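Welcome! Have a look at the chain below, turn it around a little, and then work through the exercises at your own pace.

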Amino acid sequence: MTHALNRRSFLKTASGLVIAPALGLDALSAHAAAACPNVVVGTWGGDYLNLLEQNIGKPIIEAAGGKVTYDSAGQVERMTKLRAEKASRRGSLDVACLADLDMYDINRSGILEAVDAKVVPNLVNALEALRRPYSIPHIFSAMVIVYNPEKLGTKPDSFTAALDSKLKGRVGFSDILYNFNVVSSSLAAGHKDGDMAGGVQFLRELRKTQQPKVYPSNEAVASALKSGDIWFTCMWKARALQWKKAGVPIDYVVPKEGAVPVTFEAAVPKNSQSKLCGFNYLNAMLDPRAQIGFAETMGYAPTVTNANLPPSLQESVGFTRAELDRMVKLDYARFTADKPALLDFWNKEFKVGL
């Protein structure tokens, strides 16, 4: 289900594979704004929507004479809308934002337009390993070990540290990340070939010896870390950065066995009422200015090679070459097929009585 990402593959651009049109970004934005004065973006609400407006809507789209309308909802609701409108000639969204696995699932339904670098010229700067033929990678992070340095004393370098006897009763998990918890456990068990049996066995041993705790949300995990109820978990690095900035007593490390990246993506539905505006918005999402803005405020790493973050920001939100070497990439087809069985194990065996 996973394979190691080669550093060269991860870092190089695709400038030799596609040719951007002569029309520059500013001219493209102005042309799209003139052709379609409004783009409808389906997205999450809250901070993400606010940052889209702050870093993309106002400084790029509106500055070129365009307008953005946001259709905010939960991810499941957005996926339901896309599927329900598939047969309609006129969809309600020009841009759909989804996490990578869900975007893959939506694309399997034949809903998304192929992404063409001729109308998304900034795509030539996107990290090759994060590209999909049906979407653009907006921001990304990866699953890391998050721990309380005061309680542990020594810095853990592997998720196998969760089995340390001094962590009995102090290991916690986010319920909504059940499938990624199994993946992290599988990596710790030495499995990078897609065999989830190793992760299931690891979690069975952890449950037996450590009395772990399961929390209903990522935010609940943060509260447990802050209170000292738990000292150890696995979580997206971007979340850990936000928590540390908010005063939660934690640090984080990319495990030596590797980490799974998560990418938040955007795509244009085939029945968009203005595909030109949709692709123009995708292009703006990859603009270095927007990428830097999200890195500064949300802690997610840029997905383009020309963002040029300040060294201190790159050190905190980015990943070293060695860490990129250890990253793994999910086989989305197999992972999606495995999800029901993983959820069944998680709900009916691992969580019971915890």
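Each exercise below sets a task and then solves it step by step.

**Before you start**

This is a predicted model, in which local features need pLDDT of at least 70, side-chain atom pairs count only at pLDDT 80 or more, and totals for chains, interfaces and linings use all residues. Residues are numbered from 1 along each chain as its sequence is written, and side-chain values use heavy atoms, with hydrogens and water left out.

**Exercise 1. Describe the chain as a whole: how many helices and strands does it have, and what share of it is buried?**

Step 1. Begin with the elements: there are 15 helices and 12 strands. Both are DSSP runs numbered from the N terminus, helices being H or I with at least four residues and strands E with at least two.

Step 2. Next, turn to burial. Of the 354 residues in the chain, 55% are buried. Buried means under 20% relative accessible area, exposed means over 50%, and partly exposed is in between, with a 1.4 Å probe and protein chains only.

Step 3. Finally, consider contacts (heavy atoms within 4.5 Å). Among those with a separation of 6 or more, 78% join residues 24 or more positions apart.

**Exercise 2. Work out how helix 4 and helix 5 are arranged, and which residues make their contact.**

Step 1. Find helix 4 at residues 75–84 and helix 5 at residues 100–108; they pack at an angle of about 15°, and their axes are 11 Å apart. Axes are lines fitted to C-alpha atoms, for helices over the stretch in contact, and angles run from 0 to 180 degrees between N-to-C directions.

Step 2. Name the arrangement: helix 4 is therefore roughly parallel to helix 5. Angles under 35 degrees count as roughly parallel, over 145 as roughly antiparallel, 65 to 115 as roughly perpendicular and the rest as oblique.

Step 3. List the residues. Helix 4 contributes Gln75, Met79, Leu82 and Arg83, while helix 5 contributes Asp102, Asp105 and Ile106.

Step 4. Sort these contact residues by type: 3 are nonpolar, 1 is polar and 3 are charged. Here Ala, Val, Leu, Ile, Met, Phe, Trp, Tyr, Cys and Pro count as nonpolar, Asp, Glu, Lys and Arg as charged, and the others, Gly among them, as polar.

Step 5. Look at the charges once more: Arg83, Asp105 and Arg108 are linked in a network of salt bridges. A salt bridge is a side-chain nitrogen of Lys or Arg within 4 Å of a carboxyl oxygen of Asp or Glu.

**Exercise 3. Trace three of the 14 salt bridges in the structure, and say whether their residues are buried or partly exposed.**

Step 1. Start with Glu113 and Lys275, whose side chains meet at 2.5 Å, N to O. Glu113 is in the loop between helix 5 and strand 5 (136–147) and Lys275 in helix 11 (residues 275–285), so the bridge ties together parts 162 residues apart in sequence. Glu113 is partly exposed at 22% relative accessible area, and Lys275 is partly exposed at 31%.

Step 2. Move on to Glu265 and Arg132, which form a salt bridge at 3.1 Å, N to O. Glu265 belongs to strand 10 (residues 261–267) and Arg132 to the loop between helix 5 and strand 5, so this pair ties together parts 133 residues apart in sequence. Glu265 is buried at 0% relative accessibility, and Arg132 is buried at 10%.

Step 3. End with Arg204 and Glu349, where the closest N and O atoms are 2.6 Å apart. The pair links helix 8 (residues 197–210), which holds Arg204, to helix 15 (residues 332–350), which holds Glu349, across 145 residues. Arg204 is partly exposed at 37% relative accessibility, and Glu349 is partly exposed at 33%.

**Exercise 4. Find out how many residues of helix 7 are buried, and how this helix meets helix 8.**

Step 1. Count along helix 7 (residues 178–188): 11 of its 11 residues are buried. They include Tyr178, Phe180 and Leu187.

Step 2. Compare the directions: the axes of helix 7 and helix 8 come within 7 Å and cross at roughly 95°. Helix 7 is therefore roughly perpendicular to helix 8.

Step 3. Name the partners. Asn181, Val182, Ser185, Ser186 and Ala188 of helix 7 touch Gly198, Gly199, Val200, Phe202 and Leu203 of helix 8. These contact residues divide into 5 nonpolar, 5 polar and no charged.

Step 4. Check what comes after the helix: helix 7 is followed by Gly190, with a positive phi near 90°.
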